[in-house]
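Trainee: I would like to go through this model with you, one element at a time. Could we begin with the sheet and then move to the side chains?

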Amino acid sequence: MNHDQYDDAYLADILKTVKTVAVVGASLNPSRPSHGVSAFLLAKGYHVIPVNPGQAGKVILGQTVVARLADIAEPVDMVDVFRASAHVGALMDELLALETLPKVVWMQLGVRDDAAAARAEAAGIKVVMNRCPAMEYPRLRHFF
């Protein structure tokens, strides 16, 4: 797949069908982008599970933080990645080891790892890189 541009219908389909989103790199700090995007997703009705090993057990926007993806007790539809591109490969190792794979891996603005994306796609997972769902959702509102 060409990850330099995405068809609007592809992005809208993802945003319409996912329900549970793991936000990797979630922050307690309200000024951090991960906090704002988590709040946006919650306001749109998504179930958000914050993931951050340094904040495990704490609460972000009413949601209890887990240390890693494997600590999530339910299947996740989408993993929203707020980690530097250099960390995506290791995150993909963790993700691909899950018993139930997510349907989507969404890498935030500035986050791109083509090798990790290819691994996810080979496992049947849709990938979005260098985009923000909180920016795409309003732009694609005519699909909803």
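Mentor: The questions below take up the sheet, two helices, the salt bridges and one strand residue.

Trainee: In what order do the strands of the open sheet stand?

Mentor: Keep in mind that this is a predicted model. The open sheet has five strands, and their pairing is parallel. On average, neighbouring strands of this sheet are turned by 20 degrees against each other, direction ignored. The order is β2-β1-β5-β6-β7.

Trainee: Which strands stand at the edges of the sheet?

Mentor: An edge strand here has a single partner strand, so one side of it is left without a neighbour in the sheet. That applies to two strands, one covering residues 47-51 and the other 126-128. They are β2 and β7.

Trainee: Which residue in β5 stands opposite V23?

Mentor: Start with the pairing of the strands: β1 and β5 run parallel. Four bridges join β1 to β5. The residue in β5 that stands opposite V23 is D80.

Trainee: At about what angle does helix α1 run to β7?

Mentor: Helix α1 covers residues 8-17. The helix lies across three strands, β5, β6 and β7. Its angle to β7 is about 110 degrees.

Trainee: How wide an arc do the buried residues of α3 cover around the axis?

Mentor: Helix α3 spans residues 88-96, and its buried residues are V88, G89, L91, M92 and L95. The arc they cover puts them on the same side of α3. What covers these residues includes the strands β1, β5 and β6, together with helix α4 (114-122). The arc is only 160 degrees.

Trainee: Which residue of helix α1 meets K126 in a salt bridge?

Mentor: K126 is in strand β7, and the pair links distant parts of the chain, 113 residues apart. The closest approach given for the salt bridge is 3.0 Å, N to O. K126 is partly exposed at 31% relative accessible area, and its partner is partly exposed at 32%. That partner is D13.

Trainee: What is the relative accessibility of D114, which meets R112 in a salt bridge?

Mentor: The side chains of R112 and D114 meet at 3.0 Å, N to O. R112 counts as partly exposed at 30%. D114 also lies between the cut-offs of 20% and 50%, so D114 counts as partly exposed, with a relative accessibility of 42%.

Trainee: Are R131 and E136, which form a salt bridge, buried or exposed?

Mentor: The closest N and O atoms of R131 and E136 are 3.3 Å apart. These two residues belong to a network of salt bridges that also links D8 and R139. Against a cut-off of under 20% relative accessible area, both R131 and E136 are buried.

Trainee: How many salt bridges does a search of the whole structure find?

Mentor: Among them are the pair K126 and D13 and the pair R112 and D114. The pair R131 and E136 is another. The search of the whole structure finds nine.

Trainee: What is the relative accessible area of V24?

Mentor: V24 is placed in strand β1. Not counting residues up to four places away in sequence, V24 touches V51, L69, V79, D80, V81, F82, R83 and L91. P53, 29 residues apart from V24 in sequence, is 9.4 Å apart from V24 in space, C-alpha to C-alpha. V24 is buried, with a relative accessible area of 5%.

Terms used. Residues numbered from 1 in each chain as written. Predicted model: local features only at pLDDT ≥ 70, side-chain atom pairs only at ≥ 80, totals over all residues. Heavy atoms only, no water. Buried < 20%, exposed > 50% of the residue type's maximum accessible area, 1.4 Å probe, protein only. Arc of directions from axis to C-beta. Contact = heavy atoms within 4.5 Å. Pairing = 2+ DSSP bridges. Axes fitted to C-alpha atoms, helices over the stretch in contact; angles between N-to-C directions. Salt bridge = Lys/Arg side-chain N within 4 Å of Asp/Glu carboxyl O.
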